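User: Could you take a close look at the largest pocket of this model and explain, step by step, what lines it and what stands around it?

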Amino acid sequence: MQNLFKNLTHDKTFWDGFWFKTIERFFLLENYMGRNPGESILHIEADVLLLHNFTFEKIEKIQNGLAFTIISESQAIASIFFVRDLHSLR
């Protein structure tokens, strides 16, 4: 992770290190999944409001290795991010 961070040109002060924390999250998820290899992860950011009709049953049926919200043809957001397995995350 430190080697990757050395090569980034992102502004370290942007939103209190937003890009670095975002990337670090993937390493933390990888570490967790390495210790819990049979588990999938549904990562939900703290500022996301889940309502009573959130479709958990649809998420359980996702066959792709990774899934996240698509907002347009060129943009996506991983405020809700599904990881099927460690291989998919890597």
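Analyst: What follows describes the largest pocket and then the sheet beside the helix that contributes to its lining.

Since this is a predicted model, everything below is a computed description of that prediction. As a starting idea, rolling a probe the size of a water molecule over the atoms shows where empty space is left. In this model the largest pocket holds about 340 Å³ of space, and 13 residues line it, of which F18, T22, E45, I77 and A78 are the closest to its centre. When the lining residues are sorted by character, 8 are nonpolar, 3 are polar and 2 are charged.

Turning to the elements behind this lining, we find that α2, which spans 18-35, and β3, which spans 76-83, each supply at least two of its residues. The most comes from α2, which gives 6 residues to the lining.

The strand β3 also belongs to an open sheet of 3 strands, arranged in the order β1-β3-β2 with antiparallel pairing. At the edges of this sheet lie β1 (41-44) and β2 (66-70), each of which pairs on one side only. On average, and ignoring direction, neighbouring strands here are turned by 30° against each other. Between the antiparallel strands β1 and β3 there are 4 bridges, and I41 stands opposite V83 in β3. The helix α2 packs on this sheet, where it touches β1 and β3, and its direction makes about 150° with that of β1. Thus α2 and β3, two elements that each supply at least two residues of the pocket lining, also touch each other where the helix packs on the sheet.

Definitions and conventions. Residues are numbered from 1 along each chain as its sequence is written. This is a predicted model: local features need pLDDT of at least 70, side-chain atom pairs count only at pLDDT 80 or more; totals for chains, interfaces and linings use all residues. Side-chain values use heavy atoms; hydrogens and water are left out. On a 1 Å grid over the protein atoms alone, a cavity is a set of points where a 1.4 Å probe fits but cannot get out, and a pocket is an open set with protein on both sides within 12 Å along at least five of seven lines; lining residues have an atom within 4 Å of a point. Grid points are joined across faces, edges and corners, and a volume is the space filled by probe spheres set on the points. Ala, Val, Leu, Ile, Met, Phe, Trp, Tyr, Cys and Pro count as nonpolar, Asp, Glu, Lys and Arg as charged, and the others, Gly among them, as polar. Two strands pair if DSSP finds at least two bridges between them. Axes are lines fitted to C-alpha atoms, for helices over the stretch in contact, and angles run from 0 to 180 degrees between N-to-C directions. Contact means heavy atoms within 4.5 Å.
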